[in-house]
Amino acid sequence: MDVSVKLDTSKFERATAEIKKQLPYASSVALNNVAFRIRGEERAAIGRIFANPANLTLNSVLVKKATKRSGVAKVFIRDQAPNGTAPSEYLAPSVIDENRADKRFERALRHAGLLPSGMYVVHGKEARLNKHGNISVATYKKILAELRANSGTKRRGSDSSQGPKSKYFVGKINGVLGIWKRAGGKRKRTAKPILIFLKGRPNYRQRFPFVRIAEGIARRHFPIELDKAMDRAIATAKRR
């Protein structure tokens, strides 16, 4: 997910030799100034649109700088993450109005045979969320580890009464399929819905106009930045 900013050099075919000579350098300076302005506006938009975005999300917009040789600056959303899903994946539905991709946790559940085909995971009402509105990576790992251990015990045919029971389990309660957490004591045992399995891929409306923001800034500011960079380049060349 990216936007490229570049110069239409055809408009300079009749330019003077001095302008043509300085154009590659001046255009790279202008392109980079515009690209970093876009990054700043995109970050500000993320802060306005999303409630308490995590630092990974706020800092997800990156710039690949233009050089005199390339003549192109690129503004893009980070496609890697140290843990969990990359911003380019989880922001995509909000940028281009499409069904969201499978989350890493969903893929892990499918691989373990715990999430039925065609079903997806959403937060249950008893899920403990952080200030960013998400279940923490550590909690996801803990849930997955306990579910896998419990699944392995069942496959081996072990007596489930031996040893401590997992807090988390996959089951259907009152017609609701999902991941539940055991709670209460021996006299009054309950189960809290942590994650719910729903049929059909979740769809999100477009909320983050990433491309429109970038195009608007490039259209308004690139001519100004190019004029300033060209004036500086020519003035510097004359002093040499």
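Let's start with the salt bridges: this predicted model holds 2 of them. Side chains of opposite charge can pair when their charged atoms come close. One of the two joins Arg110 to Asp102, and the closest N and O atoms there sit 3.6 Å apart. If you check the accessibility of the two partners, Asp102 comes out buried, at 19% relative accessible area. That value falls under the 20% cut-off for buried, whereas Arg110 is partly exposed at 24%.

The other salt bridge pairs Glu225 with Lys228, again with 3.6 Å between the closest N and O atoms. Here the sequence spacing helps you see the geometry: both residues belong to helix α6 and are 3 residues apart, so about one helical turn separates them. Glu225 is buried, with just 8% relative accessible area, while Lys228 is partly exposed at 39%.

Helix α6 also takes us to the nonpolar interior. The largest nonpolar core counts 34 residues, and the ones with the most contacts inside it are Ile38, Val75, Phe208, Phe210 and Phe222. Several elements each supply at least two residues of this core: the strands β1 (2-6), β2 (61-64) and β3 (72-77), along with the helices α1 (17-49), α3 (87-96) and α6 (210-239). There's a second core too, separate from that one, with 18 residues; among them are Leu114, Ile143, Ile179 and Phe197.

While we're on helix α1, have a look at Ser28, which lies in it. Is this serine buried or exposed? With a relative accessible area of 6%, Ser28 is buried. Leaving aside residues up to four places away in sequence, Ser28 touches Ala66, Thr67 and Lys68.

Now for the sheet. Four strands line up as β4-β7-β6-β5, with antiparallel pairing, and the sheet is open. Strands β4 (119-123) and β5 (168-173) stand at the edges; each has a single partner strand, so one side of each is left without a neighbour in the sheet. Ignoring direction, neighbouring strands are turned by 45° against each other on average. If you want to follow one pairing in detail, take β5 and β6: these run antiparallel, β6 covers residues 176-184, and 6 bridges join the two strands. One pair to pick out is Gly171, whose bridge partner in β6 is Gly178.

What packs on this sheet? Helix α4 (residues 104-111) does, touching β4, β6 and β7 (189-199). The direction of α4 makes about 130° with that of β4.

Zoom in on that helix and you'll find Glu106. At 0% relative accessibility, Glu106 counts as buried. So what does its side chain reach at 2.8 Å? The partner is the backbone nitrogen of Val121, a residue within edge strand β4 (119-123). Not counting residues up to four places away in sequence, Glu106 touches Arg100, Ala101, Leu115, Tyr120 and Val121.

It's worth setting the two glutamates side by side. Glu225 has Lys228 as its salt-bridge partner, and Glu106 reaches a backbone nitrogen, that of Val121. Both carry a buried label: Glu225 at 8% and Glu106 at 0%.

Conventions. Residues numbered from 1 in each chain as written. Predicted model: local features only at pLDDT ≥ 70, side-chain atom pairs only at ≥ 80, totals over all residues. Heavy atoms only, no water. Core = buried A, V, L, I, M, F, W, Y, C linked by side-chain atoms within 4.5 Å. Buried < 20%, exposed > 50% of the residue type's maximum accessible area, 1.4 Å probe, protein only. Salt bridge = Lys/Arg side-chain N within 4 Å of Asp/Glu carboxyl O. Pairing = 2+ DSSP bridges. Axes fitted to C-alpha atoms, helices over the stretch in contact; angles between N-to-C directions. Contact = heavy atoms within 4.5 Å. Polar contact = N/O pair within 3.5 Å; in protein donor to acceptor, adjacent residues only side chain to side chain.
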